[in-house]
Amino acid sequence: MLGIGSAFLCVGRSFYPRRHIAKNSKHYQWLLVNRFCPTYSDFGKQYIFLKELSWTRRAAEEAEAVAAIACSTHGRAYVDGVLENGKPVCECNSCFAGPDCSKPIPDCVVDANSGDPLFLEPYWMRHAAGSTIVVSGWHRMGYTFTNRPMFSRELQSHIRTLHSLVGNIGTEGKFMVFGTGSTQLLNAAVHALSPDNSSNPAKVVASIPFDPVYQQQTDFFKSKNFEFQGDASMWKNKRNGDGNFIEFVNSPSNPDGQLKKAVLQGPQVKTIHDHGFYWPHYTPIPAPADEDVMIFSLSKLTGHAGSRFGWALIKDEAVYKKMSTYVKMNTLGISKDTQLRALQLLKVALEGNGRQLFDFGYITMKQRWERLSHALSTSKRFSIQEIEPHYCSYYKTFKDPSPAYAWLKCEREEDKECYTILKDAGIIGVDGTSFGAGSGFVRLSLINTQDDFNMLLYKIKKLVAKEDDKHARNTM
């Protein structure tokens, strides 16, 4: 019987060579059980037998050494970072500086503009062993996978499993396309749904407030087959004989977190449902979505915006083929390294039926929303959107709001330029005009680092306090 006297011992997710157990060599923790070794059972304990590390040792030791660089919790060092004396330096969060990011920057302007979902960074640091991959220099050097597909079948399978587990969409009978983030897929869908007859281009619309990328991309590519035509509601009662429409439906909406439905209906209307935030850490899931074209991204699900990976679920095979052709002609597929990383991240996300990831994300966002709401509760000058609790089929209970963004409104008539009001107070958001709304609105990001959120909350409290002080003076 093989047992504890053998060369290597596995305990949970940590791996130790038998002769080095006392030394607790950290780089052995980076191994993945299912990729490197068989398993055996002895009285309910699991032991792993494998060869000692060779070519992966250097990469593992380098990764752990960089991760161990002290940046005082206000920054990170990265393997690909700028070197100083041969070592990567700390890259500090906003409003912090110094060699170890420990020095607060006085009167710092807070970044509430960014859409980087760095609030999930602590989760992945806690799951370092499971989410880490070691990529050989010869890993999938060709353009395609074996038997010529452009996309990883195993990754597709994991995506379908996750959707089924969460219950946010039904994937059965739908085709899947990968993209370089959801951004590429949004325009791929517009291209696929547009008529070939350039004499009558499709009108691309979205309900206000809408994600700025819808207009920016449509205008940038300047196709003769489609053109951006603004607010969907403007066409609701006057589209007879006006040709074809493509409506973006962003649900939950960026910027206000509301669950939306299509405004336009009828045979002349095609819809693209952008469900990037349709996950339990941002919104209750009332029921599985079942639309013609549905688009998701890794950045919103796991926080890995820099990996640039998205996917679309499509009912119609002709639309699927057109979108696939668009991606192939545009970027010749999706990075194999990105697909490998996405696969490993989804394996971790699926652990515990997804509860570890979604519980962490939901609790973090819910607490941020509650703290911001409380800070603004006494203000007569500023308000944020109202979101009611809803039943979530994933959690099987009612859940409180946990949106990714605050849609702040300046209530005073004289505060016509809300972006400028906040900028003067040291807060950089996104002007409401970027979303097709008025200048009396500003989007504030709640998904950045904890440092960024803490600074945002501090600045908001200062604004409200000034408002209260002014009111007190006026009533004396």
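Helix α10 is covered by quite a few neighbours: what touches its buried residues includes α3 (121–126), α4 (128–131), α5 (153–166), β12 (175–179), α8 (298–302) and α11 (355–376). Keep in mind that this is a predicted model. Below we stay with α10 for a moment, then turn to the disulfides, the salt bridges and a four-stranded sheet.

**Helix α10**

- The helix runs over residues 336–349, which makes 14 residues.
- From its first C-alpha to its last, α10 reaches 20 Å, close to the 20 Å expected at 1.5 Å a residue.
- How many of its 14 residues are buried? The count is 11, so the helix is mostly covered, with buried meaning under 20% relative accessible area.
- Among the buried ones you'll find the leucines L340, L343, L345 and L346, along with K336, T338 and Q339.
- Have a look at the start of α10, too: there a side-chain oxygen of S335 comes to within 3.2 Å of the backbone nitrogen of D337.

**Disulfides**

- There are four disulfides to look for.
- Count the bonded cysteines along the chain and you get the pattern 1-2, 3-5, 4-6, 7-8.
- One disulfide joins C71 and C90, with the sulfur atoms 2.0 Å apart. This pair links distant parts of the chain, 19 residues apart: C71 sits in the loop between α2 (57–67) and β5 (75–76), while C90 sits in the loop between β7 (87–88) and β8 (91–92).
- The C71 and C90 link is left-handed, with -90° about the S-S bond, and both C71 and C90 are buried.
- Another disulfide pairs C92 with C101, and here the sulfur atoms are 2.2 Å apart. With -90° about the S-S bond, this link is left-handed.
- Are the two ends of that link buried or partly exposed? C92 is partly exposed at 30% relative accessible area, whereas C101 is buried at 0%.
- C95 and C108 form a disulfide as well, their sulfur atoms 2.0 Å apart. Distant parts of the chain are linked here: C95 is in the loop between β8 and β9 (96–97), and C108 is in the loop between β10 (103–104) and β11 (110–111), 13 residues apart.
- Why is the C95 and C108 disulfide left-handed? Because the torsion about its S-S bond is about -80°. Both of these cysteines are buried.
- One more cysteine to find is C392, which is buried with a relative accessible area of 1%.

**Salt bridges**

- Side chains of opposite charge can pair when their charged atoms come close.
- Searching the whole structure turns up eight salt bridges.
- One of them brings together the side chains of D292 and K315, at 4.0 Å from N to O. D292 is in the loop between β16 (269–274) and β17 (293–297), and K315 is in the loop between β18 (310–314) and α9 (317–331), so the bridge ties together parts that are 23 residues apart in sequence.
- D292 is partly exposed at 45% relative accessibility, and K315 is partly exposed at 35%.
- Within helix α9, E317 and K321 are four residues apart, about one turn of the helix. Their side chains meet in a salt bridge of 3.7 Å, N to O.
- Both ends of that bridge are partly exposed: E317 at 40% relative accessibility and K321 at 48%.
- Helix α11 has a salt bridge of 3.2 Å, N to O, between R355 and D359. Since these residues are four apart in the helix, about one helical turn separates them.
- R355 is partly exposed at 38% relative accessibility, and so is D359 at 24%.
- Some salt bridges share partners, which joins K174, D290, D292 and K315 into one network.

**The four-stranded sheet**

- Strands of a sheet pair through backbone hydrogen bonds, either parallel or antiparallel.
- Here is an open sheet of four strands, in the order β19-β22-β25-β24, and the pairing is antiparallel.
- Which strands are at the edges? They are β19 (382–383) and β24 (430–431), each of which pairs on one side only.
- β19 and β22 (residues 405–410) run antiparallel and are joined by two bridges.
- To see a bridge for yourself, find F382: its bridge partner in β22 is C410.

Definitions and conventions: Residues are numbered from 1 along each chain as its sequence is written. This is a predicted model: local features need pLDDT of at least 70, side-chain atom pairs count only at pLDDT 80 or more; totals for chains, interfaces and linings use all residues. Side-chain values use heavy atoms; hydrogens and water are left out. Two strands pair if DSSP finds at least two bridges between them. A disulfide is a pair of cysteine sulfur atoms within 2.5 Å. Buried means under 20% relative accessible area, exposed over 50%, partly exposed in between (1.4 Å probe, protein chains only). The expected span of a helix is 1.5 Å times one less than its number of residues. Contact means heavy atoms within 4.5 Å. A polar contact is a pair of N or O atoms within 3.5 Å; within protein, one must be able to donate a hydrogen and the other to accept it, and residues adjacent in sequence count only if both atoms are side-chain atoms.
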